[in-house]
Amino acid sequence: NSDSKIDSQINELKEIINEKEIKISHLTDKIKSFNQYSNDSISEIILESAENKSSIVVYEIQLKKLNEDIDTYKQNIIDLTNEINNNKLRINELENENNSILHQLIDSKLALANVSSMLDNEK
(Lines give C-alpha, C1' and ligand atoms only; values in the text may rest on other atoms or scores of the structure.)
Protein backbone atom coordinates (compact mmCIF):
# COMPACT_ATOMS: atom_id res chain seq x y z
CA ASN A 1 0.00 0.00 0.00
CA SER A 2 2.80 2.34 0.88
CA ASP A 3 4.56 1.38 -2.36
CA SER A 4 1.44 2.22 -4.27
CA LYS A 5 1.27 5.57 -2.50
CA ILE A 6 4.90 6.28 -3.37
CA ASP A 7 4.27 5.20 -6.98
CA SER A 8 1.27 7.52 -7.11
CA GLN A 9 3.34 10.41 -5.77
CA ILE A 10 6.15 9.63 -8.24
CA ASN A 11 3.63 9.64 -11.10
CA GLU A 12 2.19 12.97 -9.92
CA LEU A 13 5.69 14.42 -9.74
CA LYS A 14 6.47 13.03 -13.21
CA GLU A 15 3.29 14.68 -14.52
CA ILE A 16 4.22 17.99 -12.88
CA ILE A 17 7.77 17.73 -14.28
CA ASN A 18 6.31 16.91 -17.71
CA GLU A 19 3.98 19.97 -17.56
CA LYS A 20 6.88 22.16 -16.43
CA GLU A 21 9.07 20.84 -19.30
CA ILE A 22 6.25 21.62 -21.77
CA LYS A 23 5.96 25.17 -20.34
CA ILE A 24 9.76 25.55 -20.50
CA SER A 25 9.67 24.34 -24.11
CA HIS A 26 6.93 26.88 -24.99
CA LEU A 27 8.82 29.68 -23.25
CA THR A 28 12.05 28.65 -25.01
CA ASP A 29 10.20 28.75 -28.36
CA LYS A 30 8.81 32.20 -27.51
CA ILE A 31 12.28 33.45 -26.54
CA LYS A 32 13.76 32.05 -29.78
CA SER A 33 10.95 33.66 -31.77
CA PHE A 34 11.44 36.99 -30.01
CA ASN A 35 15.21 36.81 -30.52
CA GLN A 36 14.69 36.07 -34.22
CA TYR A 37 12.24 39.00 -34.47
CA SER A 38 14.76 41.26 -32.68
CA ASN A 39 17.59 40.10 -34.95
CA ASP A 40 15.44 40.65 -38.05
CA SER A 41 14.49 44.12 -36.79
CA ILE A 42 18.13 44.96 -36.08
CA SER A 43 19.15 43.68 -39.53
CA GLU A 44 16.39 45.76 -41.12
CA ILE A 45 17.50 48.87 -39.22
CA ILE A 46 21.14 48.29 -40.24
CA LEU A 47 20.08 47.82 -43.87
CA GLU A 48 17.95 51.00 -43.81
CA SER A 49 20.82 52.87 -42.20
CA ALA A 50 23.20 51.68 -44.94
CA GLU A 51 20.67 52.70 -47.61
CA ASN A 52 20.29 56.12 -45.97
CA LYS A 53 24.07 56.57 -45.83
CA SER A 54 24.27 55.59 -49.49
CA SER A 55 21.52 58.10 -50.37
CA ILE A 56 23.33 60.80 -48.41
CA VAL A 57 26.53 60.11 -50.38
CA VAL A 58 24.57 60.34 -53.65
CA TYR A 59 22.95 63.62 -52.53
CA GLU A 60 26.34 65.02 -51.49
CA ILE A 61 27.75 64.17 -54.93
CA GLN A 62 24.72 65.79 -56.62
CA LEU A 63 25.09 68.87 -54.41
CA LYS A 64 28.79 69.16 -55.26
CA LYS A 65 27.96 68.89 -58.98
CA LEU A 66 25.25 71.56 -58.65
CA ASN A 67 27.68 73.89 -56.86
CA GLU A 68 30.23 73.31 -59.64
CA ASP A 69 27.51 74.08 -62.21
CA ILE A 70 26.62 77.29 -60.33
CA ASP A 71 30.29 78.32 -60.34
CA THR A 72 30.46 77.62 -64.08
CA TYR A 73 27.30 79.69 -64.69
CA LYS A 74 28.71 82.56 -62.60
CA GLN A 75 31.92 82.47 -64.65
CA ASN A 76 29.87 82.38 -67.88
CA ILE A 77 27.95 85.47 -66.71
CA ILE A 78 31.24 87.25 -65.96
CA ASP A 79 32.64 86.26 -69.39
CA LEU A 80 29.47 87.36 -71.20
CA THR A 81 29.39 90.67 -69.28
CA ASN A 82 33.03 91.29 -70.29
CA GLU A 83 32.19 90.44 -73.90
CA ILE A 84 29.20 92.83 -73.83
CA ASN A 85 31.40 95.61 -72.39
CA ASN A 86 34.06 94.96 -75.06
CA ASN A 87 31.36 95.08 -77.75
CA LYS A 88 30.08 98.41 -76.34
CA LEU A 89 33.62 99.79 -76.50
CA ARG A 90 33.99 98.56 -80.08
CA ILE A 91 30.63 100.14 -81.00
CA ASN A 92 31.84 103.47 -79.52
CA GLU A 93 35.08 103.18 -81.53
CA LEU A 94 33.10 102.46 -84.71
CA GLU A 95 30.73 105.39 -84.02
CA ASN A 96 33.72 107.70 -83.50
CA GLU A 97 35.30 106.40 -86.71
CA ASN A 98 31.97 106.88 -88.51
CA ASN A 99 31.66 110.46 -87.19
CA SER A 100 35.21 111.20 -88.32
CA ILE A 101 34.42 109.89 -91.82
CA LEU A 102 31.20 111.99 -91.87
CA HIS A 103 33.23 115.10 -90.93
CA GLN A 104 35.74 114.32 -93.68
CA LEU A 105 32.86 113.89 -96.12
CA ILE A 106 31.35 117.24 -95.08
CA ASP A 107 34.78 118.91 -95.37
CA SER A 108 35.22 117.33 -98.84
CA LYS A 109 31.75 118.57 -99.95
CA LEU A 110 32.59 122.08 -98.67
CA ALA A 111 35.91 122.01 -100.49
CA LEU A 112 34.15 120.78 -103.65
CA ALA A 113 31.55 123.55 -103.31
CA ASN A 114 34.35 126.10 -102.91
CA VAL A 115 36.18 124.78 -105.97
CA SER A 116 32.92 124.75 -107.91
CA SER A 117 32.16 128.30 -106.82
CA MET A 118 35.66 129.44 -107.81
CA LEU A 119 35.24 127.83 -111.22
CA ASP A 120 31.87 129.54 -111.65
CA ASN A 121 33.48 132.88 -110.76
CA GLU A 122 36.24 132.43 -113.35
CA LYS A 123 33.65 131.96 -116.08
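**Exercise 1. Decide whether lysine 65 is buried, partly exposed or exposed in this predicted model.**

Step 1. Look up the value: lysine 65 has a relative accessibility of 46%.
Step 2. Recall the cut-offs: buried means under 20%, exposed means over 50%, and partly exposed is in between.
Step 3. Put the two together: at 46%, lysine 65 counts as partly exposed.

**Exercise 2. Find the salt-bridge partner of lysine 65, and describe where the two residues sit.**

Step 1. Start with the general idea: side chains of opposite charge can pair when their charged atoms come close.
Step 2. Apply the cut-off, a side-chain nitrogen of Lys or Arg within 4 Å of a carboxyl oxygen of Asp or Glu.
Step 3. The partner is aspartate 69, with the closest N and O atoms 2.7 Å apart.
Step 4. Both lysine 65 and aspartate 69 belong to helix α1, where 4 residues, about one turn of the helix, separate them.
Step 5. Check the partner's surroundings: aspartate 69 has 21% relative accessibility, so it counts as partly exposed.

**Exercise 3. How many salt bridges does the count give, and which residue pairs with arginine 90?**

Step 1. The count comes to 2 salt bridges.
Step 2. Arginine 90 pairs with glutamate 93, and their closest N and O atoms are 3.3 Å apart.
Step 3. Glutamate 93 and arginine 90 are 3 residues apart in helix α1, so about one helical turn separates them.
Step 4. Glutamate 93 has a relative accessible area of 46% and is therefore partly exposed. Arginine 90, with 42%, is partly exposed as well.

**Exercise 4. Describe the fold, and explain why the protein is more spread out than a compact globule.**

Step 1. Take stock of the elements: there is 1 helix and there are 0 strands.
Step 2. Compare the radius of gyration with the globule rule: the protein has 52 Å, well over the 14 Å given for 123 residues, so it is more spread out than a compact globule.
Step 3. See how this looks in space: along the principal axes, the C-alpha trace spans about 180 × 15 × 10 Å.
Step 4. Turn to burial: 0% of the 123 residues count as buried.
Step 5. Add the surface: about 11,600 Å² is exposed, and carbon and sulfur atoms supply 58% of that area.

**Exercise 5. Locate a nonpolar patch and a negative patch on the surface.**

Step 1. Leu13, Ile16 and Ile17 make a nonpolar surface patch of about 280 Å².
Step 2. Zoom in on one member: isoleucine 17 lies in helix α1, and its 49% relative accessibility makes it partly exposed.
Step 3. Asp40, Glu44, Glu48 and Glu51 form a negative surface patch.
Step 4. Here, too, pick one member: glutamate 51 is part of helix α1, which covers residues 2–122, and at 45% relative accessibility glutamate 51 counts as partly exposed.
Step 5. Finish with the charges of the whole protein: there are 14 positive and 23 negative side chains, and the centres of the two sets lie 5 Å apart.

Definitions and conventions: Residues are numbered from 1 along each chain as its sequence is written. This is a predicted model: local features need pLDDT of at least 70, side-chain atom pairs count only at pLDDT 80 or more; totals for chains, interfaces and linings use all residues. Side-chain values use heavy atoms; hydrogens and water are left out. Patches are made of residues with over 30% relative accessible area and no salt bridge: like charges are joined within 9 Å, nonpolar side chains (Val, Leu, Ile, Met, Phe, Trp, Tyr) within 5 Å. Accessible areas come from the Shrake-Rupley method with a 1.4 Å probe; for residues, only the protein chains shown count as cover. Lys and Arg count as positive and Asp and Glu as negative; His and the chain ends are not counted. The place of a charge is taken as NZ of Lys, CZ of Arg, CG of Asp or CD of Glu. Buried means under 20% relative accessible area, exposed over 50%, partly exposed in between (1.4 Å probe, protein chains only). The radius of gyration is taken over C-alpha atoms; the globule rule is 2.2 Å times the number of residues to the power 0.38.
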